[in-house]
Amino acid sequence: MCQHKTPCPSAGASDREAARTVARDDVLGWALLCNGVLHFDDTGELLPDGQIIPPNRPTALTGAAA
């Protein structure tokens with residue numbers, strides 16, 4: 001899918017968010033990446049094969065903030 005001189009990471013790669021943005025909607029909070037991943041501002045993702053990656057949210061306070 002990627003046509004860049006240095007290819008973007010694939011949708012299955014652990015660094016898939018490093019792919020270039022090809023379209024975005026700041027009002028709705030999403031970006032379509034060159035590798036076909038739909039990345040949401042809340043850190044959730046929708047992969048080209050339909051797999052959903054839930055948002056990466058902390059579950060508990062740790063350290064001095066606790």
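Modeller: A strand, in the sense used here, is a DSSP run of E with at least two residues, and strands are numbered from the N terminus. The model under discussion is a predicted one. In it, Asn35 lies in the loop between S2 and S3.

Biologist: How many helices and strands does the protein chain have, and what pattern does the chain follow along the sequence?

Modeller: The protein chain has 0 helices and 5 strands. Read from one end of the sequence to the other, the pattern is β-β-β-β-β.

Biologist: What makes strands S1 and S2 a pair?

Modeller: Pairing requires that DSSP find at least two bridges between two strands. Strand S1 (residues 21-25) and strand S2 (residues 30-33) have 4 bridges, in the antiparallel sense, so the requirement is met. Among the bridge partners, Ala23 is matched with Leu32 in S2, and Arg24 is matched with Ala31 in S2. S1 and S2 form a hairpin with 4 residues between them, and Gly29 in the turn has a positive phi of about 80 degrees.

Biologist: In what order do the strands stand in the sheet, and why are S1 and S5 placed at the edges?

Modeller: The 5 strands form an open sheet in the order S1-S2-S3-S4-S5, with antiparallel pairing. S1 and strand S5 (52-53) each have a single partner strand, so one side of each is left without a neighbour in the sheet. In general, the side chains of a regular strand alternate between the two faces of the sheet.

Biologist: Why is Asn35 called buried?

Modeller: The cut-off for a buried residue is under 20% relative accessible area. Asn35 has 9% relative accessibility, and therefore counts as buried. Its side chain reaches the backbone oxygen of Pro9 at 2.9 Å. A polar atom of the side chain of Asn35 also lies 3.2 Å from the backbone nitrogen of Val37.

Biologist: What makes these two approaches of Asn35 polar contacts?

Modeller: A polar contact is a pair of N or O atoms within 3.5 Å, one able to donate a hydrogen and the other to accept it. The distances are 2.9 Å to Pro9 and 3.2 Å to Val37. Both values lie within 3.5 Å, so the distance condition is satisfied in each case.

Biologist: Which residues make up the largest nonpolar core, and how do you know that Cys8 and Cys34 are buried?

Modeller: The core has 7 residues in all: Cys8, Ala11, Ala19, Leu33, Cys34, Val37 and Leu47. Cys8 has a relative accessible area of 15% and is therefore buried. Cys34, at 8%, is buried as well. Val37 also touches residues beyond its immediate neighbours in sequence, including Ala11, Arg16, Glu45 and Leu47.

Biologist: How many disulfides does a search of the whole structure find?

Modeller: The search finds 0 disulfides. Such a bond would require a pair of cysteine sulfur atoms within 2.5 Å.

Biologist: Where does Glu45 lie, and why is Glu45 called buried?

Modeller: Glu45 lies in strand S4. Its relative accessible area is 2%, and Glu45 is therefore classed as buried. The side chain of Glu45 is joined to that of Arg16 by a polar contact of 2.8 Å, and it makes another with the side chain of His39 at 3.2 Å. Among the residues that Glu45 touches are Val37, Phe40 and Ile52.

Biologist: Thr43 and Gly44 precede this strand; why is Thr43 called partly exposed, and why is Gly44 called buried?

Modeller: The loop between strand S3 (38-40) and strand S4 (45-46) contains Gly44, and Thr43 lies in the loop between S3 and S4. Partly exposed denotes the range between the buried limit of 20% and the exposed limit of 50%. Thr43, at 35%, therefore counts as partly exposed. Gly44 has 4% relative accessibility, so it counts as buried. Thr43 has a phi near 80 degrees, a positive value in a residue other than glycine.

Biologist: Which residues does Gly44 touch, leaving aside those up to four places away in sequence?

Modeller: Gly44 touches Leu38, His39, Ile53, Pro54 and Pro55. Gly44 and Pro54 are 10 residues apart in sequence, yet 4.8 Å apart in space, C-alpha to C-alpha.

Biologist: What can be said of the protein chain as a whole?

Modeller: Buried residues make up 23% of its 66 residues. The accessible surface comes to about 4800 Å², of which 57% belongs to carbon and sulfur atoms.

Technical notes: Residues are numbered from 1 along each chain as its sequence is written. This is a predicted model: local features need pLDDT of at least 70, side-chain atom pairs count only at pLDDT 80 or more; totals for chains, interfaces and linings use all residues. Side-chain values use heavy atoms; hydrogens and water are left out. Buried means under 20% relative accessible area, exposed over 50%, partly exposed in between (1.4 Å probe, protein chains only). Contact means heavy atoms within 4.5 Å. A nonpolar core is a set of buried Ala, Val, Leu, Ile, Met, Phe, Trp, Tyr and Cys residues joined through side-chain atoms within 4.5 Å. Accessible areas come from the Shrake-Rupley method with a 1.4 Å probe; for residues, only the protein chains shown count as cover.
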